[in-house]
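Please examine the model below together with its sequence. The questions that follow ask how each term is justified.

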Amino acid sequence: MAARRLGNIRGQLFLSGSRFSSTTVKGNTTSAVMSSSSSSIPFISSEEAEKALTYNELIPTIEQALGDYSSGEEGGVVQPLRSVFPVKKQDGLFLAMPAYSEKQGGLACKLLTLFPKNENTKFPVLQGTIALFDADNGSLKAILDGEAITGMRTAAASAVATKYLAPEGSKILAILGAGLQAKTHLEALRHVIQFKEVRIWNRTYSKAQAFAAKYGCIACKTGEEAVKDADVIATVTGTSTPILQNGWVKDGAHINCVGAPTPTQQELDPVLVRRSVIYADSKEAALNESGDVIITKAEVFGEIGEVVLGKLKARKNETTIFKSLGMALEDVVAAKLVHSKLHGGK
């Protein structure tokens, strides 16, 4: 396990010999190049990445990555815990997320900001940039806007978990939150299950209504109304305190818990967490970073990658939680997929 579980890495990275030399804007696509002694480095916008990615390709790619991660040294994954520090004035966070996949030939680092106060502004709550490197020689291959990749790879991981953990014959999906992650989760989860009904809730009801009108869902005024009898639930909010209560969730439901990525935040009622079987993308990350796990002192049953590998039982007859912290490995393989589709083997 040592190859992937390295703990927090703190230090400075000194770069020389390259810099951004020009940026041009053409229509809705932003292009930039980085000059170096040997080549120009492309900038891939969020719009370009979103057009390049499809869930037909992304979900299996993420499924393989999750399995590789849970294979230990045999999986060829190196991924330290993310480095995080607060931006206190804005109640924000700055994160650095590097990873390497030997099997998928990917090497990258994502720099990410999480600013909850941006929710009602023109700026996204989550903003990220991914630096993709050549895994054979270490050279920089591309800079990618991380918005679409982060949204889609996170939803793809939830889709993998839902594929294995959702109760048989699932018909009702409830999504708590109405932002980017709500959109990507709706698309990805519909890819693995044909839901007959999708409900959406947001603290601002007008946002839930707008989302429902755009994507063919039912807007709900309360979270309780949204999750009543739901088979699959996705919590994709920026909350710091629980928004999904134990009494609302039926026995045997599956929950994809995506928000609350720090030790002090919670999306789920502690009673609900303790009554459920918890799977994580990374058990190490869940035990060190998830407030829903740390505050409740709940046991993490295992990793979803272990289920993918057939090493761990999918306990579908019980209430299950997939605690998604989001892994740098997911960014690596998604960014590599985008780059290969847009630029081939270059």
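Q: How do the residues lining the second largest cavity divide into nonpolar, polar and charged?
A: Six are nonpolar, none is polar and two are charged. Ala, Val, Leu, Ile, Met, Phe, Trp, Tyr, Cys and Pro count as nonpolar, Asp, Glu, Lys and Arg as charged, and the others, Gly among them, as polar. The lining consists of C257, L268, V273, I278, D292, V293, I321 and K323; D292 and K323 are therefore the charged pair. This is a predicted model, in which local features need pLDDT of at least 70 and side-chain atom pairs count only at pLDDT 80 or more, while totals for chains, interfaces and linings use all residues. Residues are numbered from 1 along each chain as its sequence is written, and side-chain values use heavy atoms, without hydrogens and water.

Q: Which elements give two or more residues to that lining?
A: They are α9 (291-294) and β17 (320-323). Helices (H or I, at least four residues) and strands (E, at least two) are DSSP runs, numbered from the N terminus.

Q: What makes a space a cavity?
A: On a 1 Å grid over the protein atoms alone, a 1.4 Å probe must fit at its points but be unable to get out; lining residues have an atom within 4 Å of a point. The structure holds two cavities of 30 Å³ or more. The volume, the space filled by probe spheres set on grid points joined across faces, edges and corners, is about 110 Å³ for the largest cavity and about 30 Å³ for the second largest.

Q: What lines the largest cavity?
A: There are 16 lining residues, with Q79, P80, L81, R82 and G326 nearest the centre. Nine are nonpolar, three polar and four charged. Helix α8 (283-289) and strand β6 (92-101) each supply at least two, and the largest share, three residues, belongs to α8.

Q: How do you know that β10 and β13 are paired?
A: Pairing requires at least two bridges found by DSSP. Four bridges join β10 (residues 172-176) to β13 (residues 232-235), so these parallel strands qualify. One bridge partner of this kind is I233 in β13, opposite A174.

Q: Why are β12 and β16 called edge strands?
A: The open sheet, with parallel pairing, has eight strands in the order β12-β11-β10-β13-β14-β17-β15-β16. Strands β12 (218-220) and β16 (300-303) each have a single partner, so one side of each lacks a neighbour in the sheet. From one strand to the next, the twist averages 20°.

Key
Axes are lines fitted to C-alpha atoms, for helices over the stretch in contact, and angles run from 0 to 180 degrees between N-to-C directions. On a 1 Å grid over the protein atoms alone, a cavity is a set of points where a 1.4 Å probe fits but cannot get out, and a pocket is an open set with protein on both sides within 12 Å along at least five of seven lines; lining residues have an atom within 4 Å of a point.
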